Each structure stands twice: as structure tokens, then as C-alpha cells.
Amino acid sequence: MMREIDAARITDTVARLCIEANCHLPQDMRQCIRHSCESEPWAPGREILERIIENYHIADERNQPICQDTGVACVFLEIGQDVHVNGSIEGAVNEGVRRGYTEGYLRKSVVADPLNRVNTGDNTPAMIYYDLVPGDQLKITVAPKGFGSENMSQIKMLKPSDGLQGVKDFIVKVVEEAGPNPCPPIVVGVGIGGTFDKAAYMAKKALMRSVDQRSEDPFYADLEREMLDKINALGIGPQGFGGRTTALAVNIEHGPTHIAGLPVAVNINCHVTRHKTEVL
């Protein structure tokens with residue numbers, strides 16, 4: 001049996017998630033920041049982390065955005081194969097973003113054309129990512145992405161001969177070059193494999209994973225821990241004031257690729273790593 005979902009439900013859900021994601025930091029991020037604050041030995045870095053904690057508490061109490069950059073709305077849809085949506089999915093998502101950013105008084109940051117630079121006035125269109133999955137549910141994740149961190153992201157088409165060390169060096173290089181610009185402490189999403197675009201998608205999707213959840217593959221779980229240690233050894237620290245809390249997590253996703261390729265994408269997110277999910 002095909003399950004029917006009205007497009008209006010998608011709109012209502014996306015509108016609410018846009019506001020909630022921008023105003024309330026996920027629990028895994030809160031816990032990680034608190035733990036980092038307790039263990040940060042450098043006093044200026046620790047003070048910055050205390051201010052970050054104070055900031056997200058104020059955002060909670062006032063139901064106001066955690067950051068003035070309320071981002072472009074990245075919307076991940078996992079659509080069950082046994083679901084039929086009555087109406088336009090894309091239209092429903094964009095109407096939800098339009099409503100959420102207007103009703104939530106969130107900053108509208110989207111321009112209709114990358115060169116003409118005219119603001120659309122309602123933060124649409126959203127960046128929508130579709131996945132078809134088994135089942136009869138529709139999973140919606142709204143992840144507002146600020147561009148202070150997005151601008152620091154990079155992709156590189158490594159050669160297979162560059163090997164594991166080449167991948168490690170590139171990840172550290174991207175973070176080192178970013179320095180204080182992405183408002184550290186950061187979360188680092190990495191995509192390894194696939195094609196040019198698939199690697200970038202995996203890196204973006206890696207940022208949706210909880211910062212306290214390591215890869216299910218033991219090899220990549222170890223690599224995530226190693227990369228986190230190497231990044232925190234750079235000494236950039238919270239907001240670039242020094243310390244050992246440059247990154248809160250390194251999340252790596254991987255996939256098959258061509259015998260001649262080794263694509264690697266690094267998508268950086270700031271300490272305001274926002275995402276909110278609901279299943280219809």
C-alpha cells in the first residue's frame with residue numbers, strides 16, 4: 001500500500017524546523033562544548049567557550065537565533081519508496097523555508113543569482129538533497145548553513161598514489177588555512193571517494209551525524225580520532241585565540257570511487273552546527 005502525505009505537512013514541518021534549528025543548538029553539540037570548556041587548559045580559549053555556552057542559553061530563553069547568520073536552508077529528505085506526496089515536494093519545502101524565515105524573523109541571506117547578487121527576500125530557494133529509501137516514511141532534516149564556515153571548505157581530486165597520507169595532509173591543510181575564519185571550535189565533515197560532486201555531498205552529510213558518534217567502520221573511526229587530535233594540535237583554538245579546542249569532531253563518510261581517483265572534500269561547520277530532524 002502506498003502511504004499518502006499531503007505537501008502542506010511538509011511545509012508546516014520545514015517552517016517549524018527552520019526556526020527551531022536556528023534557535024536551539026542540538027544536545028550533542030552542547031555536551032561537547034561543555035566538555036571542551038572543562039578540559040581546555042588555555043584561559044582565553046576557555047573564556048571564549050564560556051561565552052559560547054552563555055550565548056546558546058540566551059538563544060534558548062529568548063527563542064532567538066544562536067548566530068546572526070541564519071544560513072542558507074539545507075534540507076535533507078529521505079523519502080520512503082512507499083510514500084506518495086500529494087503536491088510538489090520542492091514547492092512545499094520552499095514554502096516552508098519562506099514561512100519559517102519570515103515568521104521566525106530570521107536573516108534572509110539567499111541571492112537569486114551568484115553574479116547579479118539580488119536577494120530573494122525570503123531565503124528561498126532551499127538547497128534540497130533527496131534520498132530514496134525503503135519504507136513508508138518521510139524524514140526531513142533542516143540544517144541552516146552559514147557561509148563563514150562554508151567559504152572555508154575545499155575539495156581536491158587526489159591521485160590514488162597520494163594514499164592515506166595525502167588524505168590526512170589535505171584535511172589538516174584545509175583547517176589550518178581556515179584558521180579563525182569559520183568561528184572555531186568547528187566540526188569537520190569529510191567525504192572520501194565517489195566523484196567530484198559525490199565527495200562534497202558526503203562531506204556535507206557527515207555534518208548531520210552526532211559529534212559523539214564515530215564511524216561504524218573501525219578504520220574510519222580511528223582516522224576520525226587521529227584527525228581530531230592533529231587538528232587540535234594546530235593550536236588555533238576557540239575563535240582563533242589559541243588553545244587545544246580547534247575542532248569538536250571530525251566526521252568522515254566514504255564511498256566507492258574510480259580506479260584512477262581519490263576525491264576528498266572537507267566541509268567545515270562552525271560551533272553553531274545546527275540541524276533538526278522530524279519524521280512524517
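How much space lies in the largest cavity? About 40 Å³. Keep in mind as we go that this is a predicted model.

## The cavity and its lining

A search of the whole structure turns up one cavity of 30 Å³ or more. Nine names are worth locating in your viewer: Cys74, Ala143, Pro144, Lys145, Lys204, Leu207, Met208, Asn269 and Arg274 line the largest cavity. Sorted by class, this lining has five nonpolar, one polar and three charged residues. Strand S5 (residues 138-145) gives the largest share of the lining, three residues.

## Strand S2 and its partners

From S5 it is a short step to strand S2, since S2 and S5 pair in the antiparallel sense over eight bridges. One pair to look for is Val72 with its bridge partner in S5, Lys145. Lys145 also belongs to the cavity lining. S2 pairs with strand S4 (residues 127-133) as well, this time parallel and through seven bridges. Here Val75 stands opposite Ile128 in S4.

Is strand S2 largely enclosed or open? Eight of the nine residues of S2 (residues 72-80) are buried, so the strand is largely enclosed by the rest of the structure.

## The four-stranded sheet

Now to another part of the model. Four strands form an open sheet in the order S6-S9-S7-S8, and their pairing is mixed. Strand S6 (154-158) and strand S8 (247-257) are the edge strands, each pairing on one side only. On average, neighbouring strands of this sheet are turned by 15° against each other, direction ignored.

The mixed pairing is easy to follow from strand to strand. S6 and S9 run antiparallel and are joined by five bridges. S7 and S9 also pair in the antiparallel sense, over six bridges. Strand S7 (residues 186-194) and S8, in contrast, run parallel, with eight bridges between them. As background, strands of a sheet pair through backbone hydrogen bonds, either parallel or antiparallel.

The table gives one bridge pair for each of these strand pairings.

| Residue | Partner residue | Strand of the partner |
|---|---|---|
| Leu158 | Leu262 | S9 |
| Val190 | Val266 | S9 |
| Gly191 | Glu253 | S8 |

A helix joins the picture too. Helix H8 (residues 218-232) packs on the sheet and touches S7 and S8, with its direction making about 140° with that of S8.

Why can strand S9 be called largely enclosed? Eight of the eight residues of S9 (residues 262-269) are buried, so the rest of the structure largely encloses this strand. Its side chains are worth a look: Leu262, Val264, Val266 and Ile268 point one way, while Pro263, Ala265, Asn267 and Asn269 point the other way, and all are buried. Asn269 is also one of the residues that line the cavity.

## Met157 on strand S6

Met157 is found in strand S6. With a relative accessibility of 46%, Met157 counts as partly exposed, because that class lies between the 20% limit for buried and the 50% limit for exposed. Apart from neighbours within four places in sequence, Met157 is in contact with Phe196, Leu262 and Pro263. Leu262 and Pro263 are both buried residues of S9. For a sense of distance, Met157 and Ser215 are 58 residues apart in sequence and 23 Å apart in space, C-alpha to C-alpha.

## Backbone details in the loops

Most residues other than glycine have a negative phi, and most peptide bonds are trans. Several loop positions here depart from that pattern.

Two peptide bonds to check are cis. The first joins Thr124 and Pro125, with omega about 0°. Pro125 lies in the loop between helix H4 (89-103) and S4. Another cis bond runs from Pro184 to Pro185, with omega near 15°. Pro185 sits in the loop between helix H6 (163-178) and S7.

That loop also holds Cys183, which has a positive phi of about 60° although it is not a glycine. Cys183 is partly exposed, with a relative accessible area of 32%.

Asn63 likewise has a positive phi, about 55°, without being a glycine. Asn63 is found in the loop between helix H3 (43-62) and S2. Its relative accessible area of 44% makes Asn63 partly exposed.

Technical notes: Residues are numbered from 1 along each chain as its sequence is written. This is a predicted model: local features need pLDDT of at least 70, side-chain atom pairs count only at pLDDT 80 or more; totals for chains, interfaces and linings use all residues. Side-chain values use heavy atoms; hydrogens and water are left out. Two strands pair if DSSP finds at least two bridges between them. Helices (H or I, at least four residues) and strands (E, at least two) are DSSP runs, numbered from the N terminus. Axes are lines fitted to C-alpha atoms, for helices over the stretch in contact, and angles run from 0 to 180 degrees between N-to-C directions. Contact means heavy atoms within 4.5 Å. On a 1 Å grid over the protein atoms alone, a cavity is a set of points where a 1.4 Å probe fits but cannot get out, and a pocket is an open set with protein on both sides within 12 Å along at least five of seven lines; lining residues have an atom within 4 Å of a point. Grid points are joined across faces, edges and corners, and a volume is the space filled by probe spheres set on the points. Ala, Val, Leu, Ile, Met, Phe, Trp, Tyr, Cys and Pro count as nonpolar, Asp, Glu, Lys and Arg as charged, and the others, Gly among them, as polar. Buried means under 20% relative accessible area, exposed over 50%, partly exposed in between (1.4 Å probe, protein chains only).
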